Amino acid sequence: MKPLARYGSLANFVQLTRSLRLDPNLLMRSVGLDPGGVAVQDRWVPAEAIIELLELTADQAHKPDLGLRLAELRRLSHLGPLSLVLREEPDVRSALTLLARHERMYNESLRTLVTVHDGVADIRVELDVGHPIADRQSTDLAVGVLFSLIRELAGDSWRPLSVSFAHPPPEDDTTARRIFGGLARYHRDFNGLTVAEADLDRPVSQSDPQLREYSRRILSELDPGAAPSTTVRTRELVEMLLPTGRCTVDQVASSLGVDRRTVHRRLAAEGASYSSVVDDTRAALAEHLVAAQRYSFTDVAMMLGFSSPSNFSRWFRGRFDCTPRQWRTARAARSPDSPPHGDLPLD
């Protein structure tokens with residue numbers, strides 16, 4: 001199946017594109033992403049869509065250094081729970097080993113490889129979505145984030161021997177020089193960093209040995225090691241596709257890199273079906289959206305992929321044995337301070 005990535009991969013994308021006088025919502029929709037999903041950092045989306053988004057944005061903004069600009073805004077904390085564990089590792093080598101082992105927690109298309117020879121270590125980053133694709137911006141972002149991550153772990157005084165890119169140099173290398181201090185090299189045979197092997201043994205500046213086992217236990221609970229099931233992947237894609245009006249099994253199959261028969265077969269093997277996943281996903285979302293006073297029922301119907309408010313109302317009544325209005329009223333009764341809502345009832 002096609003690799004997925006979390007919306008956390010787009011941290012700071014909205015702020016950056018707006019500073020470049022572009023509409024991030026329009027850009028995201030053009031590659032099939034839900035703009036509202038950015039607020040849900042842990043939601044999975046096709047990694048290829050994120051790669052395409054960065055290339056499109058760089059082109060429209062006329063900023064060939066977009067990936068590096070985005071990397072400048074990243075912090076270790078953007079890795080979510082994984083960042084807590086990396087900070088407690090004893091040295092950079094251990095942190096990189098852990099990062100490589102668990103990077104699928106935030107991006108299934110990314111691979112980090114460390115090779116050591118004659119006292120020098122190459123730390124390579126590779127992107128693979130299953131077929132060739134223009135990915136300069138995502139590569140620049142990955143290398144820039146790796147650089148910032150190691151510096152945050154090892155301390156501000158740390159510097160690599162060189163920073164390698166397989167692609168040609170940019171016409172304007174101002175951003176690269178600002179980040180890497182003139183260490184960037186182009187037309188190399190890999191993307192990543194070259195460091196002294198001794199740097200891998202640098203102690204992590206913020207490490208606390210007493211917290212290490214506790215943080216690793218948390219990570220093992222969050223990432224048991226198995227790839228997400230087809231049911232989980234389908235549910236996450238359904239969440240993303242419902243508001244677009246393109247939530248079909250064919251679209252889900254395309255995002256997973258398989259055909260519709262394979263989706264049906266794998267779901268059946270897990271005791272589910274496509275229609276049950278869609279229905280359960282809608283129900284979970286509906287509970288929150290209907291209770292939220294800020295959404296009209298027409299808005300909720302659209303966000304859940306219904307062709308009309310009346311269709312949504314009939315489905316809701318069949319699923320919850322009450323109307324959307326009755327559900328909202330009952331929930332509001334539990335919160336007396338909730339403001340009144342001006343929607344017309346859908347009874």
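**View 1. Leu53 and its contacts.** Setting aside neighbours within four places in sequence, L53 is in contact (heavy atoms within 4.5 Å) with L10, F13, L27, M28, V31 and L33. This is a predicted model, in which local features need pLDDT of at least 70 and side-chain atom pairs count only at pLDDT 80 or more, while totals for chains, interfaces and linings use all residues. Residues are numbered from 1 along each chain as its sequence is written, and side-chain values use heavy atoms, without hydrogens and water.

**View 2. Helix 3, residues 47–61.** Helices (H or I, at least four residues) and strands (E, at least two) are DSSP runs, numbered from the N terminus. Helix 3 reaches 21 Å from its first C-alpha to its last, close to the 21 Å expected at 1.5 Å a residue (1.5 Å times one less than its number of residues) for its 15 residues. Its buried residues (under 20% relative accessible area, 1.4 Å probe, protein chains only) include A47, I50, L54 and A61. Just after helix 3, H62 takes a positive phi of about 55°.

**View 3. The largest nonpolar core.** Such a core is a set of buried Ala, Val, Leu, Ile, Met, Phe, Trp, Tyr and Cys residues joined through side-chain atoms within 4.5 Å. Of its 43 residues, Y7, L10, M28, L33, L53, V238 and Y274 touch the most other members. Helix 3 gives the most to this core, with eight residues.

**View 4. The buried side of helix 11.** Here V249, V252, A253, S255 and L256 are buried. They cover an arc of only 160° around the axis (taken from the directions from the helix axis to the C-beta atoms), so they lie on the same side of helix 11. These residues pack against strand 2, helix 10, helix 12 and helix 13.

Methods
Buried < 20%, exposed > 50% of the residue type's maximum accessible area, 1.4 Å probe, protein only.
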